[in-house]
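Work through the exercises below with the structure open. Try each task before you read its solution.

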There are 2 protein chains.
Amino acid sequence: MSARITNVTTHDIRFPTSRLLDGSDAMNPNPDYSAAYVILHTDGDVEGHGMTFTIGRGNDLCCAAIDAVAALLVGRDIDGLFADMGAVWKLVTGDSQLRWTGPEKGVIHLAAAAVMNAVWDMYGKHVGKPVWRLLADMTPRELVALVDWRYLSDALPPAEAIERLQDKASGKADRIAQMQDVGYPAYTTSAGWLGYSDDKVRDLARQAIAAGWTHFKMKVGVSIQDDTRRARLLRDEIGPDRFLMMDANQVWGVEETIENMGHLAEFDPWWIEEPTSPDDILGHARIAREIAPIKVATGEHCHNAVMFKQLMQADAISFCQVDSCRLAGPNEIIGVMLMADKFGIPVCPHAGGVGLCELIQHMSFLDYIAISGSLENRVLEYVDHLHDHFVDPVRTHDGHYLPPQRPGFSVEMKPDSIARHLFPSGAEWQA
Amino acid sequence: MSARITNVTTHDIRFPTSRLLDGSDAMNPNPDYSAAYVILHTDGDVEGHGMTFTIGRGNDLCCAAIDAVAALLVGRDIDGLFADMGAVWKLVTGDSQLRWTGPEKGVIHLAAAAVMNAVWDMYGKHVGKPVWRLLADMTPRELVALVDWRYLSDALPPAEAIERLQDKASGKADRIAQMQDVGYPAYTTSAGWLGYSDDKVRDLARQAIAAGWTHFKMKVGVSIQDDTRRARLLRDEIGPDRFLMMDANQVWGVEETIENMGHLAEFDPWWIEEPTSPDDILGHARIAREIAPIKVATGEHCHNAVMFKQLMQADAISFCQVDSCRLAGPNEIIGVMLMADKFGIPVCPHAGGVGLCELIQHMSFLDYIAISGSLENRVLEYVDHLHDHFVDPVRTHDGHYLPPQRPGFSVEMKPDSIARHLFPSGAEWQA
């Protein structure tokens, strides 16, 4: 007998990160890193854990939305679900009444992300593989069947996607061995939070250099004077050969970005991230044309694959920063990665937050092993916070992520961490 | 003493429209027209009523989001709010933690719409004017100050927006008189719902012709055979001189749209509405190029002004279908109408739903009186459902909307209608 999904529990988990200004930036001065966390229970011996990420208020809305979305799965046979994960994505995003509140964006899509992450976690545990390996072992046809092509096939017909994957198939085994051995290159954002003092930034930069990091990201956007001072400080610390990235977290307009990056160009930024509204595809394209050779990156608030499709079609981005909790799980991320491969755009995912590193690493391993086959200009964000709350936390070595070995999606939190950070009843919030 | 906002009540109101397939289309087979309804209470003698619109499940999420957003206003002095409504918009959309769950899209932005609609309703009642008149009486500078220009000024600098309004100021009094006398031209969608039988569609079309309607919208998108049969039926009924519009409600891909509209061109559609994903700006632009002279319309799911900006910049739409409950109230709609005027695109708002006709009529009166000054190619959607639940329902005459006379935003529902349709406790749902 196969198992069925019997019920769903959600947990509003919040970490009081705003107390130390971890994660602070020009748009988000006081984030409390939070997980709208879901457990899919079955009548068998497997569970699926998943989450979406928020920064505090509104996490309860995501939990309520997860309840509504996950209800679509209750009663379903899990082998039936795993046999057609493309259909599961359409089921989870396709309830017409719930879809109206998006569509495919905002709270309802964040909830779909949590639910899809939980289904994939369950699938990995069920077959005894980490999700990156489960996906890497699929055939090109199986991978492509995970994606909803309705709104994407004008940019990449599914038949062409299959051909592109087939062309890369012969090197997969070597790339798996390489990942197990060396890992996937990462960069750190932990030094550059906006709320940190100059002394703290300097100390963290030196520690990061000593630990082998080569790419450093700083926050900008409060004032050009402040941005300039901090950029000079960081560039002085890291020297001319390491990479410096800047992140404005959407606070600028299009013309303001062009003007400000003119001033900051002297510090040789590799990219400017989220310069303006994440919805402004044509604005990003204009910025990219006018600030070259500085490159444009965005994606953590890019709410679905249709938006990424256009960012690529419009030559608006040089780096694609998919997020495991903004897009609705591996299905949608694979669609974006396939398009990025066609358009020649490196995928450098967003991972600043709680649980994001744990989830997205699986997708970057997949991207290298089966989709792009390249590490050129590719770095995966790493933030050194809150990993100890996870059962199977990320492992890094010499500025590289090492592949998870345990079955599942690495998103399962320790029961004690969940209990202690429940909002508002947990001990951490009652203190 | 001025009044203060003391507390907020929300009501999950749903009408069982799916029982008769009112409102049915290819994407939404069984909508239950719903209002996530909010009342802002004060310690004075004025209340503000507002709502956003959904089609059933998920309405509870919007109510919860309204509670979170409206909490930002509790304790505020209403005269202080009315003195700077541009600042109110930034307050309501600007909480950084809640913003993360959008930004400016999905459930949290629908909630912002409900709250802003309620503040404007209160403002109109406080000064004893219908909202259209309150806005039409503002100076160009006051109107432009309502808009958040951060992400829009690259397309239309605010100083240019003021100049454009000043150029139209001299004709305002005449246009107000014309609206009071003749009203604003409308079109009807009531005949074309997808779930209706051919006989019902034919009967409704004949009734609508007899009532003076000249523009008719039909739903398409289930199958090209079915679409063709229904288009022929409607074109036969309305004759060659009346206008036929088609609405696919997002079910097609980009290339699918181009192919299908090739088949349907023989019925001389004026526009195809929502052919594909509402997020696909470049897709709409390609469709517009390839199906000309058939025009493209979209907007009811266009989630913010940044998206409309790009639809206009990309020559993707010939009609701008703003929605009073998708955009966050008059502030954001005015920004879109100002851009539409600059780009020469007629605003033909979406109003299919409950309460949408009541709200959006105010904005179309404003558009004609103060912004575009034109009725050319402009028609406002009218749907003949559920108006009797409102205290001040829309009035139409000879295919025209007549301006509301009562103070406020016309969005206030009768207490008995609210009580009877509360979900799931109301009598209508207990039956």
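The exercises cover a sheet in one chain and a helix pair in another, in a predicted model.

**Exercise 1. Find the order of the strands in the open sheet of chain A and say which strands stand at the edges.**

Solution.
- Step 1: The open sheet has three strands, in the order S1-S2-S3 of chain A, and the pairing is antiparallel.
- Step 2: S1 (5-14) and S3 of chain A each have a single partner strand, so both stand at the edges, with one side left without a neighbour in the sheet.
- Step 3: On average, neighbouring strands of this sheet are turned by 20° against each other, direction ignored.
- Step 4: Now add the helix. H1 (residues 59-70) of chain A lies across S1, S2 and S3 of chain A. H1(A) runs at about 170° to S1(A).

**Exercise 2. Describe how S2(A) and S3(A) pair, and name residues that stand opposite each other.**

Solution.
- Step 1: S2 (residues 34-42) of chain A pairs with S3(A) in the antiparallel sense, over seven bridges.
- Step 2: Look at the link. Five residues lie between S2(A) and S3(A), and the two strands form a hairpin.
- Step 3: Pick out opposite residues. Val38(A) faces Gly50(A) in S3(A), and Ala36(A) stands opposite Thr52(A) in S3(A).

**Exercise 3. Sort the residues of S3(A) by the way they point, and decide whether they are buried or exposed.**

Solution.
- Step 1: Recall the pattern. Side chains in a regular strand alternate between the two faces of the sheet.
- Step 2: Apply the pattern. Gly48(A), Gly50(A), Thr52(A) and Thr54(A) point one way from S3(A). His49(A), Met51(A) and Phe53(A) point the other way.
- Step 3: Check the cover. Buried means under 20% relative accessible area. In S3 (residues 48-54) of chain A, seven of seven residues are buried.

**Exercise 4. Work out how H3(B) and H5(B) are arranged, and which residues meet.**

Solution.
- Step 1: Take the axes. Those of H3 (residues 85-94) and H5 (residues 106-127) of chain B come within 10 Å and cross at roughly 150°.
- Step 2: Classify the angle. Angles over 145 degrees count as roughly antiparallel, and therefore H3(B) is roughly antiparallel to H5(B).
- Step 3: The crossing of H3(B) and H5(B) is right-handed.
- Step 4: List the contact. From H3(B) come Met85(B), Val88(B), Trp89(B), Val92(B) and Thr93(B). They meet residues of H5(B), including His109(B), Ala112(B), Met116(B) and Trp120(B).
- Step 5: Count by class. The contact of H3(B) with H5(B) has ten nonpolar, two polar and no charged residues.

How values were computed
Residues numbered from 1 in each chain as written. Chains lettered and ligands numbered in written order. Predicted model: local features only at pLDDT ≥ 70, side-chain atom pairs only at ≥ 80, totals over all residues. Heavy atoms only, no water. Buried < 20%, exposed > 50% of the residue type's maximum accessible area, 1.4 Å probe, protein only. Helix = DSSP H or I, 4+ residues; strand = E, 2+ residues; numbered from the N terminus. Pairing = 2+ DSSP bridges. Axes fitted to C-alpha atoms, helices over the stretch in contact; angles between N-to-C directions. Parallel < 35°, antiparallel > 145°, perpendicular 65-115°, else oblique. Left-handed = near helix turned anticlockwise from the far one by under 90°. Contact = heavy atoms within 4.5 Å. Nonpolar A, V, L, I, M, F, W, Y, C, P; charged D, E, K, R; others polar.
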